[in-house]
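I opened the model today to look up a few contacts and strand pairings. My notes follow in the order in which I checked things.

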Protein chains: 2
Amino acid sequence: MVSSEDRDRFGSITMQQSTSANGFSKMKALWLDNSRLVLRDDLPMPKSGPEEALVAVRLAGICGTDLALANGYYPFRGIPGHEFVGKIVQAAAAPERVGQRVVGEINIGCGRCRACLAGRERHCENRNVLGIRGRHGAFAEFLALPLKNLAPVPLAVDDEAAVFVEPLAAALQIQSQLTISSDERVLVIGAGRLGQLIARSLQATGCRLQVVARHLTQRRLLERSGIGCLGESEVPAGAYDVVIEAGGDPGCWKLARQAVRAQGVIVLKSTYRGSVRVDASALVADEITVIGSRCGPFAPAVKRLAEGQIDPRPLIEARYPLAEGPAAFAHAARPGVLKVLLRVTS
Amino acid sequence: MVSSEDRDRFGSITMQQSTSANGFSKMKALWLDNSRLVLRDDLPMPKSGPEEALVAVRLAGICGTDLALANGYYPFRGIPGHEFVGKIVQAAAAPERVGQRVVGEINIGCGRCRACLAGRERHCENRNVLGIRGRHGAFAEFLALPLKNLAPVPLAVDDEAAVFVEPLAAALQIQSQLTISSDERVLVIGAGRLGQLIARSLQATGCRLQVVARHLTQRRLLERSGIGCLGESEVPAGAYDVVIEAGGDPGCWKLARQAVRAQGVIVLKSTYRGSVRVDASALVADEITVIGSRCGPFAPAVKRLAEGQIDPRPLIEARYPLAEGPAAFAHAARPGVLKVLLRVTS
């Protein structure tokens with residue numbers, strides 16, 4: 001049962017207690033109560049607002065953030081999941097979109113604050129984030145999102161590629177923040193889910209790319225795509241123009257700092273528990289730029305997939321039905337494991 | 001006496017033991033031996049290399065870095081001082097420049113490393129820095145610098161303005177790293193020597209500028225120039241597009257982080273002892289950019305002074321003869337004190 005407390009935490013949504021247009025009254029979903037993940041079949045259908053759509057989830061991906069939430073990165077109670085591909089099943093304001101296969105931008109801005117009015121909705125101070133903050137997520141039979149968040153998926157992109165649009169957009173965000181040219185030496189720290197996508201998305205720049213990979217399977221996967229790898233201890237000092245930290249633990253900061261040249265750039269992509277100690281004066285002396293980088297726009301990600309420029313499907317390691325969600329999470333949490341998918345409807 | 005150990009530390013220079021072209025054999029200078037600052041009159045004249053010039057110092061400024069060195073920021077033994085205006089008295093490779101009034105770029109690159117070859121001499125890994133690393137500085141009757149480091153000072157810029165070229169160049173470096181437009185809200189933390197110059201140099205952008213000033217005199221000086229000030233506790237959260245940290249202590253990082261909006265920029269200008277604890281994941285979530293900023297090119301600074309766009313002279317708080325250097329340092333170290341100058345020759 002969803003308590004009133006749950007509804008308070010996820011204040012922006014109410015859950016439909018009655019039968020929906022599709023004839024369902026309750027739905028199956030994974031439910032995370034702080035660190036306890038369970039499958040439930042008694043959850044009310046999400047109710048879509050007037051400018052929103054109800055989406056039947058087809059496939060969803062487990063991401064590092066989901067694992068962090070399940071590890072207590074911050075208090076979370078609700079349905080997690082934010083990487084998905086699905087089909088619109090209800091859209092009062094745009095009935096012509098019903099049946100459309102879509103992926104969804106996960107940030108929902110208030111539309112009224114300074115950030116929203118300046119076109120920076122992803123940084124709305126009051127935002128809800130699908131499966132992360134204030135809005136139930138994609139590890140469910142259904143989810144609701146504003147229509148404008150939902151991007152149609154071209155036929156050329158199958159479900160197993162489309163489910164990568166959200167993390168690929170996050171990887172491509174780096175290139176919307178920073179121009180990387182072909183003569184630059186770039187190091188990606190981390191060859192996990194995000195590191196793999198970042199490395200693949202950087203290949204098109206023609207830059208001199210290397211990736212710090214901890215696990216042999218991750219390394220092989222990259223090398224098969226023509227991307228050079230090295231171990232942590234092999235990273236030369238001050239040798240890179242750009243270092244992208246996607247390693248997912250505080251120790252990677254130190255490695256990034258050692259690897260970057262003076263006047264170079266460190267891009268931070270990973271989030272983790274805990275803070276790092278930074279010698280701010282040395283950042284000044286060496287004129288280092290540090291860029292925090294989170295989500296990105298969906299359109300370029302869909303385009304790259306449609307054009308076949310990036311194929312993320314080799315990253316898929318396992319597929320589980322939604323009902324086996326807890327086992328899928330356990331699999332995804334194993335060291336070195338890449339993408340684990342949850343099949344919801346097909 | 002200069003011991004052989006001193007010569008080793010300052011390996012790039014040797015000191016002339018014999019009578020120089022100017023008839024001097026020994027010179028007066030301030031000598032810093034870790035934290036002990038003394039006036040000495042037994043120091044050998046600096047010997048200028050083939051592509052270098054010998055400069056008679058006229059006026060020198062005491063900067064925060066000098067005070068930090070005297071406080072043991074890192075081990076230093078030699079003649080400090082790097083803000084100066086002087087006259088070329090010897091220049092074997094360019095005799096036509098003798099008599100020229102000059103200011104000097106303080107970084108001396110090796111000319112051979114990757115940074116130097118890429119035109120980033122200020123970040124040469126083997127660089128010497130006037131009065132800071134490997135080269136005796138400006139709190140002396142004479143100094144030596146490569147000819148290419150020395151920029152002539154136009155007549156329109158008097159000595160008391162010219163002595164600010166180095167710190168003004170450092171302030172202007174921000175604008176060579178970051179475009180600041182007139183609609184942006186910019187906060188400068190710190191209204192000391194560097195903060196004052198940064199604020200004045202930003203005025204020309206027309207940006208919406210505010211300065212966190214701790215001391216009443218600093219505040220009055222800025223307000224007299226039409227720059228708005230506020231106290232630390234009055235800084236609104238997340239309200240600034242750009243925050244420039246020139247406060248000089250680790251606590252300012254926290255203030256900068258609170259003041260900047262999501263997707264905003266923090267420019268780090270101050271160096272101090274100790275490190276700061278940084279929530280790297282929050283930098284990712286808010287997509288904050290942090291830019292370390294140190295020295296800048298001299299030409300734009302000389303130009304702004306010559307055009308009268310910036311007048312740094314109101315910052316001068318006291319003038320001392322070189323012989324009273326230790327007293328001048330003590331004065332400069334008092335809280336809230338701005339620029340203290342040392343008159344060497346006139």
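Entry 1, salt bridges. I ran the salt-bridge count on this predicted model, and the count comes to 34 over all chains. I picked out one of them, in which the side chains of A:Asp159 and A:Arg58 meet at 2.7 Å, N to O. I then looked up where the two residues sit: A:Asp159 is in helix 4 (residues 159-162) of chain A and A:Arg58 is in strand 4 (residues 52-62) of chain A, so the salt bridge ties together parts that are 101 residues apart in sequence.

Entry 2, the contact of the two chains. I asked how many salt bridges there are between chain A and chain B. The count there is 0. I turned to polar contacts instead and found 17 residue pairs across the interface of chain A and chain B, both residues of each pair being at pLDDT 80 or more. For the side of chain A that touches chain B, I noted the elements that supply at least two residues each: helix 5 (165-177), strand 17 (260-268), strand 18 (276-278), helix 9 (280-285) and strand 19 (289-292) of chain A. Helix 9 of chain A gives the largest share of that side, 5 residues. Sorted by class, the side of chain A that touches chain B has 15 nonpolar, 12 polar and 11 charged residues. I also took down the totals: 38 residues from chain A and 38 residues from chain B take part in the contact. The two chains bury about 3,200 Å² between them, and 46% of this is on carbon and sulfur atoms.

Entry 3, strand pairing across the chains. I checked strand 18 of chain A against strand 18 (residues 276-278) of chain B and found them paired in the antiparallel sense over 3 bridges. Which residue of chain B stands opposite A:Arg277? I read off B:Arg277, in strand 18 of chain B.

Entry 4, aromatic pairs. My search of the whole structure gave 2 aromatic pairs over all chains. In the pair I wrote down, A:Phe139 and A:Phe329 have ring centres 5.7 Å apart and planes at 85 degrees, so I logged the pair as edge-to-face. A:Phe139 lies in the loop between strand 10 (134-135) and strand 11 (142-146) of chain A, while A:Phe329 belongs to helix 11 (residues 325-332) of chain A, so this pair ties together parts 190 residues apart in sequence.

Entry 5, the open sheet of chain A. I traced 3 strands in the order 8-9-10 (chain A), with mixed pairing. Strand 8 (107-108) and strand 10 of chain A are at the edges with a single partner strand each, so one side of each has no neighbour in the sheet. Strand 8 of chain A runs antiparallel to strand 9 (residues 128-130) of chain A, with 2 bridges between them. The bridge partner of A:Ile108 in strand 9 of chain A is A:Asn128.

Entry 6, a hairpin in chain A. I followed strand 2 (residues 26-33) of chain A along strand 3 (residues 36-46) of chain A and noted 7 bridges in the antiparallel sense. A:Leu30 has A:Leu39 of strand 3 of chain A opposite. The hairpin has 2 residues between the strands, and there I recorded a positive phi near 55 degrees for A:Asn34.

Terms used:
Residues numbered from 1 in each chain as written. Chains lettered and ligands numbered in written order. Predicted model: local features only at pLDDT ≥ 70, side-chain atom pairs only at ≥ 80, totals over all residues. Heavy atoms only, no water. Contact = heavy atoms within 4.5 Å. Buried area = accessible area lost by both parts, 1.4 Å probe. Salt bridge = Lys/Arg side-chain N within 4 Å of Asp/Glu carboxyl O. Polar contact = N/O pair within 3.5 Å; in protein donor to acceptor, adjacent residues only side chain to side chain. Helix = DSSP H or I, 4+ residues; strand = E, 2+ residues; numbered from the N terminus. Nonpolar A, V, L, I, M, F, W, Y, C, P; charged D, E, K, R; others polar. Pairing = 2+ DSSP bridges. Phe/Tyr/Trp six-rings, centres within 6.5 Å; stacked < 30°, edge-to-face > 60°.
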